[in-house]
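Reader: I would like a close look at one part of this protein. Please take a single strand and walk me through its surroundings.

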Amino acid sequence: MIWQTITKHVACVAITLASLGVLGCSQTEEVPLIEGTVTVDGKPAGGLYVVFHDAGDPNAEAVASSTRTEDSGHFNWSVPEPGEYVITAFWPKRIVTQEETIEGPDMLRGKYRSLKHPAATVTIQAGENELPPIDLSR
């Protein structure tokens, strides 16, 4: 039992380190890094999902990368390669009970969840990218 727990922790640490490029992977230098902020009606949108779709992919519905904003509405993330990306977004309501926290309905009512009505379209360069603020409305 204890070995299973230790093995799980070691696997989690290895995956985390690999994703950070610490295990000698040189992709960290090539992977475009993205920094941005999302607000809704001018206020920070904590817990909002930011979803990147490769605009050049014929299957643009496929998710290239996604992240979730911090309480400040700020996010740091990456996409697989430089290029043009369509950003969709959804903001689930947090429902806290005594036993758990679950995600409820989209507080944006699906307004920015479609590629036909995205939150933004951006061009990502190699290296570090600071996106202009994305302000959404309800």
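Author: What follows is a walk along strand β1, with the whole protein as background.

This is a predicted model: local features need pLDDT of at least 70, side-chain atom pairs count only at pLDDT 80 or more, and totals for chains, interfaces and linings use all residues. Residues are numbered from 1 along each chain as its sequence is written, and side-chain values use heavy atoms, with hydrogens and water left out.

The background comes first. The protein has 2 helices and 11 strands. Both terms are DSSP runs, numbered from the N terminus: helices are H or I with at least four residues, strands are E with at least two. From the N terminus, two α elements come before the β elements. Of the 138 residues, 30% are buried, meaning under 20% relative accessible area with a 1.4 Å probe and protein chains only; exposed is over 50%, and partly exposed lies in between.

Now the strand. β1 covers residues 33-40. Strands of a sheet pair through backbone hydrogen bonds, either parallel or antiparallel. Here, two strands pair if DSSP finds at least two bridges between them.

Take the antiparallel partners of β1. Strand β5 (residues 74-78) is joined to β1 by 5 bridges. Within that pairing, Glu-35 has Asn-76 as its bridge partner. Strand β2 (residues 43-44) pairs with β1 over 2 bridges. β1 and β2 form a hairpin with 2 residues between the strands. Asp-41 takes a positive phi near 55° there.

Then come parallel partners. Strand β10 (residues 128-130) is joined to β1 by 3 bridges. Leu-33 stands opposite Glu-128 in that strand. Strand β11 (residues 134-136) also runs parallel to β1, over 3 bridges. Val-40 has Leu-136 as its bridge partner in β11.

Thr-39 deserves a stop. It lies in β1 and stands opposite Pro-44 in β2. Its relative accessibility is 17%, so Thr-39 counts as buried. Leaving out residues up to four places away in sequence, Thr-39 touches Pro-44, Ala-45, Ile-134, Asp-135 and Leu-136. Contact here means heavy atoms within 4.5 Å. With Asp-135, the side chain of Thr-39 makes a polar contact of 2.6 Å. A polar contact is a pair of N or O atoms within 3.5 Å; within protein, one must be able to donate a hydrogen and the other to accept it, and residues adjacent in sequence count only if both atoms are side-chain atoms.
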